[in-house]
Amino acid sequence: MGRKGIAGLAALAALAGGATGCTVQPAGADGRPGSPVRIEVPSRTPSAPTPESPAPRSRVPDDGGKSSRPGAAAPRVLWSPGDSGRDIRELQARLRQVAWIFHGPTGTYDDLTAEAVRGFQGKRGLPRTGVTDSVTWQRLLGMTHEPGRWELYLMGGQPADAPDPRCRTGRVLCISKSSRTLRWMIDGRTVSTMPVRFGSEYTPTREGVFHVYWKSRHHVSTLYDSPMPYALFFSGGQAVHFSADFAARGYAGASHGCVNVRDEGAIARLYGQVRNGDKVVVHW
């Protein structure tokens, strides 16, 4: 081949390299040299996006509301009526913070929760579906704070602590201040469990081992002039009893030192089973 032919081929190679981007390939992982030249031809069609992996519960990707625009893909549904669990408690607790729900949290996505979600969505120009999708959840996250334990269990429903060792023999009202629960136990077996509320820092519920010394079905406090139905007195004027205030406000309030029960049916059954002389253990 003459010099002119060689020069022409060189110019053609240079032109091809400038147009498509040639790179020298390093040696491969096996130590063998790769092809000395790689020609990358850009595609006019973007590659298809890879499927998005599920995001953590409180970090659902925010698309800025684009998915709620007409013609856009529907946002991902996170929770809907009939769902239950800890996530639903958080949803309900956050809706309480912005005054869209006033019951619970219960941990169950019921009709009242769906109605609250619809109201929240409508106020913000979102489709009023009543189901919690990723866009609705991002809006709610931006307006609320992470709920604490007693916001999640404002009206009870929390799991009970393990029984104190002093509760494992005999007939015992085993009351935990840590989990805010009462276990009614007989010979180490838990008969029933219920959420309870205690006194404030100014009127604390006493801790220790006591015994039921008086039962009063229709008791009224002479000190505070307040009803104390199904009262089981165990330490001076302190008793386990039903509290209408606890039933209405949950842990938003406190007692004057007594152990409040919010479930009237549960305390009525307990009252019928407990005897004078049964042990009471109040512990952390």
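The following paragraphs go through the fold of this protein, its central sheet, and the pockets and cavity found in it.

The model is a predicted one, and the protein in it has 7 helices and 13 strands. Of its 284 residues, 38% are buried. Among the contacts with a separation of 6 or more, 51% are between residues 24 or more positions apart.

A natural place to begin is the open sheet of 9 strands, whose order is β8-β13-β5-β6-β7-β12-β11-β10-β9 and whose pairing is mixed. Because β8 (208-211) and β9 (214-220) stand at the edges with a single partner strand each, one side of each is left without a neighbour in the sheet. Neighbouring strands of this sheet are turned against each other by 30 degrees on average when direction is ignored. Strands of a sheet pair through backbone hydrogen bonds, in either a parallel or an antiparallel sense.

Within the sheet, the run from β5 to β12 can be followed pair by pair. Strand β5, residues 171-176, pairs with strand β6, residues 181-186, in the antiparallel sense over 6 bridges, and leucine 173 has tryptophan 184 of β6 as its bridge partner. Helix α7 (residues 264-273) packs on the sheet, where it touches β5, β6, β7 (189-197), β9, β10 (227-235), β11 (238-242) and β12 (259-261), and its direction makes about 45 degrees with that of β10. Strand β6 is also joined to β7 by 6 bridges, and these two strands run antiparallel. Tryptophan 184 appears again in this second pairing, with serine 192 of β7 as its bridge partner. The hairpin of β6 and β7 has 2 residues between the strands, and in it aspartate 187 takes a positive phi near 50 degrees. Strand β7 in turn pairs with β12, again in the antiparallel sense, over 2 bridges, and here valine 196 stands opposite valine 261 of β12.

From the sheet the reader can turn to the open spaces. The largest pocket holds about 530 Å³ of space. It is lined by 25 residues, of which Tyr224, Ser226, Met228, His241 and His256 are the closest to its centre. The elements that give two or more residues to this lining are β9, β10, β11 and α6 (244-249), and the largest share, 4 residues, comes from β10. By class, the lining of the largest pocket divides into 11 nonpolar, 12 polar and 2 charged residues.

The second largest pocket holds about 230 Å³ of space. Of the 13 residues that line it, Arg180, Phe198, Gly199, Ser200 and Trp284 are the closest to its centre, and the lining as a whole has 5 nonpolar, 4 polar and 4 charged residues.

Finally, there is the enclosed space. The structure holds 1 cavity of 30 Å³ or more, and the largest cavity has a volume of about 40 Å³. Its lining is made of Asp161, Ala162, Pro163, Cys174, Ser176, Thr181, Leu182, Arg183 and His283. Strands β5 and β6, already met as an antiparallel pair, each supply at least two residues of this lining, with the largest share, 3 residues, coming from β6. By class, the lining of the largest cavity has 4 nonpolar, 3 polar and 2 charged residues.

Notes:
Residues are numbered from 1 along each chain as its sequence is written. This is a predicted model: local features need pLDDT of at least 70, side-chain atom pairs count only at pLDDT 80 or more; totals for chains, interfaces and linings use all residues. Side-chain values use heavy atoms; hydrogens and water are left out. Two strands pair if DSSP finds at least two bridges between them. Axes are lines fitted to C-alpha atoms, for helices over the stretch in contact, and angles run from 0 to 180 degrees between N-to-C directions. Contact means heavy atoms within 4.5 Å. On a 1 Å grid over the protein atoms alone, a cavity is a set of points where a 1.4 Å probe fits but cannot get out, and a pocket is an open set with protein on both sides within 12 Å along at least five of seven lines; lining residues have an atom within 4 Å of a point. Grid points are joined across faces, edges and corners, and a volume is the space filled by probe spheres set on the points. Ala, Val, Leu, Ile, Met, Phe, Trp, Tyr, Cys and Pro count as nonpolar, Asp, Glu, Lys and Arg as charged, and the others, Gly among them, as polar. Buried means under 20% relative accessible area, exposed over 50%, partly exposed in between (1.4 Å probe, protein chains only).
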